[in-house]
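This report describes a single protein chain, from its overall make-up down to individual residues. The sequence and structure are shown first.

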Amino acid sequence: MGKLVALVLLGVGLSLVGEMFLAFRERVNASREVEPVEPENCHLIEELESGSEDIDILPSGLAFISSGLKYPGMPNFAPDEPGKIFLMDLNEQNPRAQALEISGGFDKELFNPHGISIFIDKGVTFLEIIPFFHVDNTVYLYVVNHPHMKSTVEIFKFEEQQRSLVYLKTIKHELLKSVNDIVVLGPEQFYATRDHYFTNSLLSFFEMILDLRWTYVLFYSPREVKVVAKGFCSANGITVSADQKYVYVADVAAKNIHIMEKHDNWDLTQLKVIQLGTLVDNLTVDPATGDILAGCHPNPMKLLNYNPEDPPGSEVLRIQNVLSEKPRVSTVYANNGSVLQGTSVASVYHGKILIGTVFHKTLYCEL
């Protein structure tokens, strides 16, 4: 009798899990296909073959690219190679990607870069010998790293003349778990997203299926670390408006972007949510217009169950008039996977766009 009851309970449990999985597939548009939208002047970047999960571009046109992410459940074409940071100069007529050397004692073999964010130190120093004010403009690169599948934030100084990075510091904290992306607003002051509550892969899977919404955005500084926004299904990409008054957060599984107002104490208040109908990964802001650019996954089941014969597609959306009652959403790029698979980010500079992926190639277009 006891065995019969156990079998009945097991059957009921499996049935419920099956129903929840089907509901999850419907919720994330698992079978969605995209109509192609491809600018004419595009080509793949030869040096980037193992992903370009996140991209951040300096006002000068130098683009930093994180590559080689190893993420549970995602494909990886170079599993034995450590991750790297690449640099591209978008002012060049035919820009190429160059892997940056890293000095300063950093363990490069364990480098597994995810989200990145540039911080320019515009500190002003008064020089007494020859009296004038000197603007620093030192560039720092903050990188979400997953050594041994843990989460840390690495700080590097960019040496432009040598085209290299100098390792400065590793930040660890008990709230910095399953970190996905980061946006830096001051020296060692940043917001970071947590994309899963559970670190165990199986529990993370059930977390998504059950739509638990236990992930969050945290604020980090040397003096204070706190959760400033919560209730996300899977908080993913994060960026800030050009005037730094608003923070934009992508909830990938919920297929939306949260528009948050930033307060003087670093707390965030939600103003609105923009529904997009596709899984939203990393976000960037067009410095010329203030529009949001979103790298998206139109068919996530193909991403999780990778088949090179039926690859995941790619999609880039532009969201205009973000703060208005009716933001305008348009498609900048869409491909069924024949050219680009698993788009995670898109970033623009002077009419040029770089489109990155979680594990695949990188596309450069002139718009």
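## Overall make-up

The protein chain contains three helices and 27 strands. The model is a predicted one. Of the 367 residues in the protein chain, 52% are buried. The accessible surface of the protein chain amounts to about 17400 Å², and carbon and sulfur atoms account for 53% of that surface.

Contacts in the protein chain can also be sorted by sequence separation. Taking those between residues at least 6 apart in sequence, 54% join residues at least 24 apart.

## The largest nonpolar core

The largest nonpolar core is made of 18 residues. Phe64, Ile85, Leu141, Phe156 and Leu165 have the most contacts inside it. At least two residues of this core come from each of the strands β3 (62-67), β4 (84-89), β7 (113-121), β10 (138-145), β11 (152-159) and β12 (164-171). Strand β10 gives the most, with three residues.

Which residues are in contact with Ile85, leaving aside its neighbours within four places in sequence? They are Phe64, Ile65, Ser66, Gln98, Ala99, Leu100, Phe111, Pro113, Ile116, Leu141, Val143 and Leu165. Phe64, Leu141 and Leu165, in this list of contacts, are also among the residues with the most contacts inside the core.

## Asn145 and Asp121

Asn145 belongs to strand β10. Its relative accessibility is 2%, so Asn145 counts as buried. The side chain of Asn145 makes a polar contact with that of Glu154, at 3.0 Å. Not counting residues up to four places away in sequence, Asn145 touches Phe106, Leu110, Phe111, Asn112, Pro113, Lys150, Ser151, Thr152 and Glu154. Phe111 and Pro113 thus appear among the contacts of both Asn145 and Ile85.

Asp121 is located in strand β7. With a relative accessible area of 21%, Asp121 is partly exposed, because buried means under 20%. Beyond its neighbours within four places in sequence, Asp121 is in contact with Asp136, Asn137, Thr138 and Tyr140. Asp121 and Tyr140 are 19 residues apart in sequence, and their C-alpha atoms are 7.6 Å apart in space.

## Helix α2

Helix α2 covers residues 201-210, and its buried residues are Ser204, Glu207, Met208 and Ile209. An α-helix has 3.6 residues a turn, so residues three or four places apart point the same way. Among the buried residues of α2, Ser204 and Glu207 have that kind of spacing, as do Ser204 and Met208.

The N-terminal end of α2 is capped by Asn200, with a side-chain oxygen 2.9 Å from the backbone nitrogen of Leu202. After α2 comes Asp211, whose phi is positive, near 55°.

## Sheet β21-β22-β23-β24

Four strands form an open sheet in the order β21-β22-β23-β24, and their pairing is antiparallel. Strands β21 (279-285) and β24 (328-335) are at the edges, each pairing on one side only. From one strand to the next, the twist averages 25°.

Strand β23 (residues 314-320) and β24 run antiparallel and are joined by seven bridges. Opposite Glu315 stands Ala334 in β24.

## Sheet β1-β27-β26-β25

A further open sheet has four strands in the order β1-β27-β26-β25, with antiparallel pairing. Strands β1 (41-44) and β25 (343-349) are the edge strands; each has a single partner strand, so one side of each is left without a neighbour in the sheet. The twist averages 20° from one strand to the next.

How many bridges join β1 to strand β27? There are four, and β1 and β27 (residues 363-366) run antiparallel. One pairing is that of Leu44, whose bridge partner in β27 is Leu363.

## Thr343

Thr343 is part of strand β25, an edge strand of the sheet. Is Thr343 buried or exposed? At 0% relative accessibility, Thr343 counts as buried.

The side chain of Thr343 makes a polar contact with the side chain of Ser314, at 2.7 Å. Leaving aside its neighbours within four places in sequence, Thr343 is in contact with Asp281, Gly295, Cys296, His297, Gly313, Ser314, Glu315, Val316, Ile355, Gly356 and Thr357. Glu315, one of these contacts, is the residue opposite Ala334 in β24.

Technical notes. Residues are numbered from 1 along each chain as its sequence is written. This is a predicted model: local features need pLDDT of at least 70, side-chain atom pairs count only at pLDDT 80 or more; totals for chains, interfaces and linings use all residues. Side-chain values use heavy atoms; hydrogens and water are left out. Two strands pair if DSSP finds at least two bridges between them. Axes are lines fitted to C-alpha atoms, for helices over the stretch in contact, and angles run from 0 to 180 degrees between N-to-C directions. Buried means under 20% relative accessible area, exposed over 50%, partly exposed in between (1.4 Å probe, protein chains only). A polar contact is a pair of N or O atoms within 3.5 Å; within protein, one must be able to donate a hydrogen and the other to accept it, and residues adjacent in sequence count only if both atoms are side-chain atoms. A nonpolar core is a set of buried Ala, Val, Leu, Ile, Met, Phe, Trp, Tyr and Cys residues joined through side-chain atoms within 4.5 Å. Contact means heavy atoms within 4.5 Å. Accessible areas come from the Shrake-Rupley method with a 1.4 Å probe; for residues, only the protein chains shown count as cover.
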